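Colleague: Please take a close look at the nonpolar interior of this chain, and then at the charged pairs and the open space that go with it. I would like one connected account, with each cut-off stated as it comes up.

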Amino acid sequence: MSDATAAPAPAARRPLMPLDDALARLMAQAQPLAGIEDCNTFDADGRVLARDLVAALTVPPADNSAMDGYAVRTADCAAPGTVLRVAQRIPAGSTGEPLAAGTAARIFTGAPIPPGADAVVMQEDTEALPEEGSLGRVRVTNLPQAGQWIRRAGEDVERGSVVLAAGQRLTPQALGLAASIGFASLPVRRRPRVAMLSTGDELVMPGTIAPEAMPPGAIYNSNRFFLRALLLRMGCEVQDLGLVPDRLEATIDGLRAAASQNDLIITTGGVSVGEEDHVKAAVQSLGTLEHWALAIKPGKPFAYGTIARPALEEGGRELCHVCGLPGNPVSSFMTFLLLVRPFLMGLLGTTQAVPDAVQMTAGFDWPRPDRRREFLRARIGADGRLALFSNQSSGVLTSTVWGDGVIDNPGGQAIAVGDTVRFIPFSAWLA
Ligand code: AMP
Ligand code: MG
């Protein structure tokens with residue numbers, strides 16, 4: 001640079017990084033972790049499937065009855081009130097004989113349809129005519145349609161098909177589906193190992209000082225609680241390092257130890273412009289750390305870095321990632337959901353990194369939008385419209401509990417009652 005007198009741009013004017021750019025940069029670093037585990041299907045809720053599950057059988061394996069009733073040939077029941085001889089009885093778990101013309105088979109839900117039958121008449125549409133020494137006869141009071149109350153072989157799962165795909169996060173219903181094709185255990189990605197630590201001399205752990213005895217300027221550490229819970233919900237193993245001591249050497253030692261055992265270290269606080277703390281310097285001395293000013297509100301300051309370490313797994317990467325979240329609780333919460341969660345999803349190799357927004361109607365006016373993309377805490381009203389929490393400050397954690405989710409509002413866009421907005425429910429992020 002020739003003009004040595006030019007002052008550096010003031011920190012506040014740093015160009016803001018669009019969220020999508022930040023996400024793309026993070027995701028480029030989020031290679032799926034090496035290491036696949038075999039997990040009992042009972043215990044696999046929330047885990048990420050590491051391989052496609054291919055069905056080795058057809059479900060249901062054969063045409064079967066959807067009702068308790070009688071298997072018939074519709075050709076035998078052309079007139080209402082037809083009476084048929086009951087020639088056999090087929091409970092679930094057994095197979096019948098071919099159905100002779102002019103006869104019916106007593107059948108129960110789930111039992112295979114006997115060859116020759118083409119419909120099931122539900123019990124309620126029949127009248128049983130018992131006879132001594134035989135299965136008796138049955139009067140069919142309603143005319144059956146061909147195919148009625150028959151569940152077709154393969155209508156759920158075709159043999160050879162991919163029933164659950166690699167990268168899917170397993171839900172309770174997915175465990176049932178996996179079990180229905182015979183999987184007692186499932187190949188899943190190993191859990192990401194995440195260490196977390198807080199910075200800030202003002203922070204006090206609940207339980208150590210009573211509310212009425214809190215010194216001036218002190219606040220309770222709230223971030224640690226929701227971050228830990230968010231990580232556990234995502235299936236991470238969490239190592240909580242607590243508040244790091246206020247000395248550079250101790251911080252470096254703590255970070256080095258955490259990096260050697262974890263895939264990711266999450267810090268909160270101390271990433272604002274101009275702020276100096278030991279975590280920043282310590283990460284920089286062990287690896288790399290970039291500070292980003294994100295074009296979002298809340299959650300402008302964010303840091304991403306890496307610390308070299310031995311690979312945790314054969315074939316794994318020799319890097320521990322570092323995400324530095326802002327200290328303000330709502331900023332910390334939102335940057336976790338918007339950036340750290342997709343990053344962890346990337347480490348897990350899952351395809352469902354970011355929840356979809358849904359179109360909803362605003363029940364409020366927002367006449368003075370920020371130039372940054374805003375994530376406004378809002379609640380779904382009984383009228384189906386969104387209501388806004390009265391205080392959108394990044395320090396007001398109540399907004400995240402009152403709200404059902406956030407409105408993803410583009411920078412500079414005013415909102416008026418009746419406008420369509422994009423809403424992301426917290427339930428989609430917390431799943
Ligand atoms: P910082 O990002 O360190 O400048 O912190 C911004 C604001 O968030 C300050 O008011 C901090 O007191 C507050 N803060 C930082 N860390 C936490 C935490 N772990 N829990 C609650 N508030 C915090
Ligand atoms: Mg601080």
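Modeller: What follows starts with the interior and works outwards to the charged side chains and the backbone.

This is a predicted model, in which local features need pLDDT of at least 70 and side-chain atom pairs count only at pLDDT 80 or more, while totals for chains, interfaces and linings use all residues. Residues are numbered from 1 along each chain as its sequence is written, chains are lettered from A and ligands numbered from 1 in the order in which they are written, and side-chain values use heavy atoms, with hydrogens and water left out.

A nonpolar core is taken here as a set of buried Ala, Val, Leu, Ile, Met, Phe, Trp, Tyr and Cys residues joined through side-chain atoms within 4.5 Å, where buried means under 20% relative accessible area, exposed over 50% and partly exposed in between, with a 1.4 Å probe and protein chains only. The largest such core holds 42 residues, and those that touch the most other members are Ile266, Phe302, Met334, Phe336, Leu339, Val340 and Leu344. Two or more residues each come from H1, strand E13 (193–198), helix H3 (223–233), strand E17 (264–268), strand E20 (301–308), strand E21 (319–325), helix H6 (329–347) and helix H8 (426–430); these labels follow DSSP runs, with helices (H or I) of at least four residues and strands (E) of at least two, numbered from the N terminus. Helix H6 contributes the most to this core, giving twelve residues. Once its neighbours within four places in sequence are set aside, Met334 is in contact (heavy atoms within 4.5 Å) with Pro298, Phe375, Val406 and Trp429. A second core, separate from the largest, has 18 residues, among them Leu197, Val244, Leu286 and Cys320.

Leu286 lies in helix H5, and it counts as buried because its relative accessibility is 19%. In that helix, which spans residues 278–286, Val279, Lys280, Ala282 and Val283 are buried together with Leu286, and the cover over the buried residues of H5 includes E13, helix H4 (248–261), E17, E18, E20 and E21. Leu286 touches Ile252, Leu255, Arg256, Ile307 and Ala308, residues up to four places away in sequence not being counted. The C-alpha atoms of Leu286 and Leu255 are 8.4 Å apart, although 31 residues separate the two along the chain.

Helix H5 also takes part in the lining of the largest pocket, to which H5 and strand E15 (219–220) each supply at least two residues. On a 1 Å grid over the protein atoms alone, a pocket is an open set of points with protein on both sides within 12 Å along at least five of seven lines, whereas a cavity is a set where a 1.4 Å probe fits but cannot get out, and lining residues have an atom within 4 Å of a point. The volume of the largest pocket is about 410 Å³, a volume being the space filled by probe spheres set on grid points that are joined across faces, edges and corners. Its lining has 25 residues, and Thr199, Gly200, Asp201, Glu202 and Leu203 lie nearest the centre.

Turning to charge, a salt bridge is a side-chain nitrogen of Lys or Arg within 4 Å of a carboxyl oxygen of Asp or Glu, and by this rule there are 16 of them. One joins Asp20 to Arg373, with the closest N and O atoms 3.6 Å apart; this pair links helix H1 (residues 19–29) to strand E23 (residues 373–380) across 353 residues. Arg373 also meets Asp408 in a salt bridge at 2.8 Å, N to O, and here strand E25 (residues 405–409), which holds Asp408, is linked to E23 with the pair 35 residues apart. Asp408 is buried at 5% relative accessibility, whereas Arg373 is partly exposed at 21%. Asp20, Arg373, Asp408 and Arg422 are linked in a network of salt bridges. Helix H1 is tied in elsewhere too, since Arg25 and Glu290 form a salt bridge at 2.9 Å, N to O, joining H1 to strand E18 (residues 287–293) over 265 residues.

Finally, Pro298, one of the contacts of Met334, is joined to Lys297 by a cis peptide bond with omega about 0°. Pro298 sits in the loop between strand E19 (296–297) and E20.
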